[in-house]
Amino acid sequence: RVDAYNPRVGHVVSESEFHVVGREMVTVEAGQFNAYRVEQKLWSAASAMGAAIGRGTVWYDPEKVRRPVRIISSGQWRGQYLPWMTARSELISFKQA
């Protein structure tokens, strides 16, 4: 749970829930990964905007790379789909130190 203040939207309260649901082979431009699939549910409310809900999925392969290999997220506000809260990103390359 996060309780904060944002000058644009006022008081903000957010809660997230994460679940590791298993491992999957994921292929992205950076290669193939045996990644953990982690699903997130997010609820957030701001005093000037009302409540928003979001969902996301993140794939991690900590044995190969120390960052997400793929992220997909989406959100709704007042029951409407929010294109600006929808994103997909994938790892294109990496070099471990």
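Leaving aside its neighbours within four places in sequence, with which residues is Ser44 in contact? In this predicted model, the partners are Val12, Val13 and Ser14 on one stretch of the chain, and Gly50, Ala51 and Ala52. Ser44 itself belongs to strand E3. One of these partners, Ser14, also meets Ser44 through a polar contact between the two side chains, with a length of 2.9 Å. The relative accessibility of Ser44 is 19%, so the residue counts as buried, the limit for that class being under 20%.

Ser44 also leads to the largest pocket. Together with Val9, Val12, Ala46 and Met49, Ser44 is among the lining residues that lie nearest the centre of this pocket. The lining comprises 18 residues, and the pocket has a volume of about 310 Å³. Strand E1 (2-6), strand E3 (31-46) and strand E4 (50-60) are the elements that each give two or more residues to this lining. By class, the lining of the largest pocket holds 13 nonpolar residues, 4 polar ones and 1 charged one.

The second largest pocket holds about 180 Å³ of space. Its lining includes Glu15, Ser16 and Glu17, as well as Lys41, Leu42 and Trp43. Also in this lining are Ile53, Gly54 and Arg55, along with Ser74, Gly75 and Gln76. Two or more residues come from each of strand E2 (10-28), E3, E4 and strand E5 (68-77). The residues around the second largest pocket divide into 3 nonpolar, 5 polar and 4 charged. Strands E3 and E4 are thus named for the lining of the largest pocket and again for that of the second largest pocket.

Strand E3 also takes part in an aromatic pair. The count of such pairs comes to 1. The ring centres of Phe33 and Phe94 lie 5.8 Å apart and the ring planes meet at 50°, so the pair is classed as tilted. Phe33 is in strand E3, whereas Phe94 is in the segment after strand E7 (87-90); with their positions 61 residues apart in the numbering, the pair links distant parts of the chain. The two rings belong to residues of unlike accessibility class: Phe33 counts as buried because its relative accessibility is 1%, while Phe94, at 32%, counts as partly exposed.

How values were computed
Residues numbered from 1 in each chain as written. Predicted model: local features only at pLDDT ≥ 70, side-chain atom pairs only at ≥ 80, totals over all residues. Heavy atoms only, no water. 1 Å grid on protein atoms, 1.4 Å probe; cavity = no way out; pocket = protein on both sides within 12 Å on 5 of 7 lines; lining within 4 Å. Points joined across faces, edges and corners; volume = space filled by probe spheres on them. Helix = DSSP H or I, 4+ residues; strand = E, 2+ residues; numbered from the N terminus. Nonpolar A, V, L, I, M, F, W, Y, C, P; charged D, E, K, R; others polar. Buried < 20%, exposed > 50% of the residue type's maximum accessible area, 1.4 Å probe, protein only. Polar contact = N/O pair within 3.5 Å; in protein donor to acceptor, adjacent residues only side chain to side chain. Contact = heavy atoms within 4.5 Å. Phe/Tyr/Trp six-rings, centres within 6.5 Å; stacked < 30°, edge-to-face > 60°.
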